Amino acid sequence: MALVELRNVIKTYLDGESGPITALQVTDLRINRGEFVCLAGPSGAGKTTLLNIIGCIDRPTAGRVLIAGRDTAKLRGGQLAGLRRMAFGFVFQSFNLIAVLSAYENVEYVLLLQHVPAVERRQRVGEALESVGLARLMHKRPGQLSGGQQQRVAVARAIVGRPLLVLADEPTANLDSQTGEELIALFFALQQQSQTTFVFSSHDPAVIQRARRTLAMRDGRIVADERLDGKDLPSQSRFSGQIHFPQVGAEIHPFVRPENAHGQPDDRPEVD
């Protein structure tokens, strides 16, 4: 069973002057557990829209999106928030760190939302920051860190919840070429050790060539699907840090909420 499956997905937006605009049209897409996938294409190709659909940040206009075999259209608000919180890790182009929190606190915030006990939080945050080479800077705020260091904090935040899938939207766009190579090598090292699935977008050829599977996009469509299982590993690039990745999450449907006192699923909305 595929971890991610899209069936006849269409996403349209309304334009008051020209009418509906089709931003995405994907007939059939399957991404399996443990894949290292790059969405490649120019600006406006639909990469971000596809990532948002996969990550359940946005809903398709038509079609079905299945995560671990479950149809996301059938999930209520609280369940959908639980899916994003427990099954996904997100890395954004602009980092999206909370400026008033330290690196440690930014990473810990995910575990607070997951209601992880304090002792376990300390251990997992420390492991995540060590895995990206920032253990010694854990008490620094984002404004005291370089762009590359901020993006590494964002990666630690994405992996600390032990997600099934990490989604990264142009993660190297605001980084210099060397730092960008190091980041993608870090992604690959984490993926190899944890078997977490990584899907990231880029229009940079140096980044695209590091992927094991490349989905080329144009005008909202996937125009090519290339698998390169024999490719040299990205770990040959400049990143050489020791990775200590926490054990990957169990094979469960983490977005199914616990039962309430009446034996029914507790679907109350939660903070997303």
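The following paragraphs go through the predicted model from its overall make-up to its sheet, cores, loops and salt bridges.

Residues are numbered from 1 along each chain as its sequence is written, and side-chain values use heavy atoms, with hydrogens and water left out. Because the model is predicted, local features need pLDDT of at least 70 and side-chain atom pairs count only at pLDDT 80 or more, while totals for chains, interfaces and linings use all residues.

The protein has seven helices and ten strands; these are DSSP runs numbered from the N terminus, helices being H or I with at least four residues and strands being E with at least two. Of its 272 residues, 52% count as buried, where buried means under 20% relative accessible area, exposed over 50% and partly exposed in between, with a 1.4 Å probe and protein chains only. The accessible surface comes to about 13100 Å², and carbon and sulfur atoms hold 48% of that area; such areas come from the Shrake-Rupley method with a 1.4 Å probe, and for residues only the protein chains shown count as cover. Among contacts with a separation of 6 or more, 73% are between residues 24 or more positions apart, a contact being heavy atoms within 4.5 Å.

One open sheet has four strands in the order 2-1-4-5, with antiparallel pairing; two strands pair if DSSP finds at least two bridges between them. Its edges are strand 2 (19-31) and strand 5 (70-71), each of which pairs on one side only. Strand 5 is joined to strand 4 (residues 62-67) by two bridges, and Asp71 in strand 5 is the bridge partner of Leu66. Helix 1 (residues 47-54) lies across strand 1 (4-15), strand 2 and strand 4, at about 120 degrees to strand 1; axes are lines fitted to C-alpha atoms, for helices over the stretch in contact, and angles run from 0 to 180 degrees between N-to-C directions.

The loop between strand 4 and strand 5 holds Gly69. This glycine counts as partly exposed because its relative accessibility is 38%. Gly69 touches Met1 and Ala2, not counting residues up to four places away in sequence. The C-alpha atoms of Gly69 and Glu5 are separated by 7.9 Å, although the two are 64 residues apart along the chain.

In soluble globular proteins, nonpolar side chains tend to be buried together. A nonpolar core here is a set of buried Ala, Val, Leu, Ile, Met, Phe, Trp, Tyr and Cys residues joined through side-chain atoms within 4.5 Å. The largest has 41 residues, and those with the most contacts inside it are Val107, Leu129, Val155, Phe187 and Phe200. Elements giving two or more residues to this core include helix 3 (103-113), helix 4 (118-131), helix 5 (147-160) and helix 6 (177-194). Helix 5 supplies the largest share, seven residues. Apart from this core lies another, of 31 residues, among them Leu29, Leu50, Ile54 and Leu164.

Phe200 shows what one core residue meets: leaving out residues up to four places away in sequence, its contacts include Phe36, Leu39, Ile184 and Phe187. In helix 3 the buried residues include Val107, Val110 and Leu111, but also Asn106 and Glu108. Their cover includes helix 4 and helix 5. Just after helix 3, His115 takes a positive phi of about 60 degrees, in the loop that leads to helix 4. His115 is exposed, with a relative accessible area of 64%.

Side chains of opposite charge can pair when their charged atoms come close. The whole structure has 13 salt bridges, each a side-chain nitrogen of Lys or Arg within 4 Å of a carboxyl oxygen of Asp or Glu. Glu5 and Arg7 form one, with the closest N and O atoms 2.9 Å apart. Glu5 is buried at 9% relative accessibility, whereas Arg7 is partly exposed at 31%. Both belong to a salt-bridge network with Asp28 and Arg30.

Lys47 and Glu170 meet in another salt bridge, at 3.7 Å from N to O. Lys47 is in helix 1 and Glu170 in the loop between strand 7 and helix 6, so the pair ties together parts 123 residues apart in sequence. Both Lys47 and Glu170 are buried. Within helix 4, Arg124 pairs with Glu120 at 2.8 Å between the closest N and O atoms; because they are four residues apart in the helix, about one helical turn separates them.
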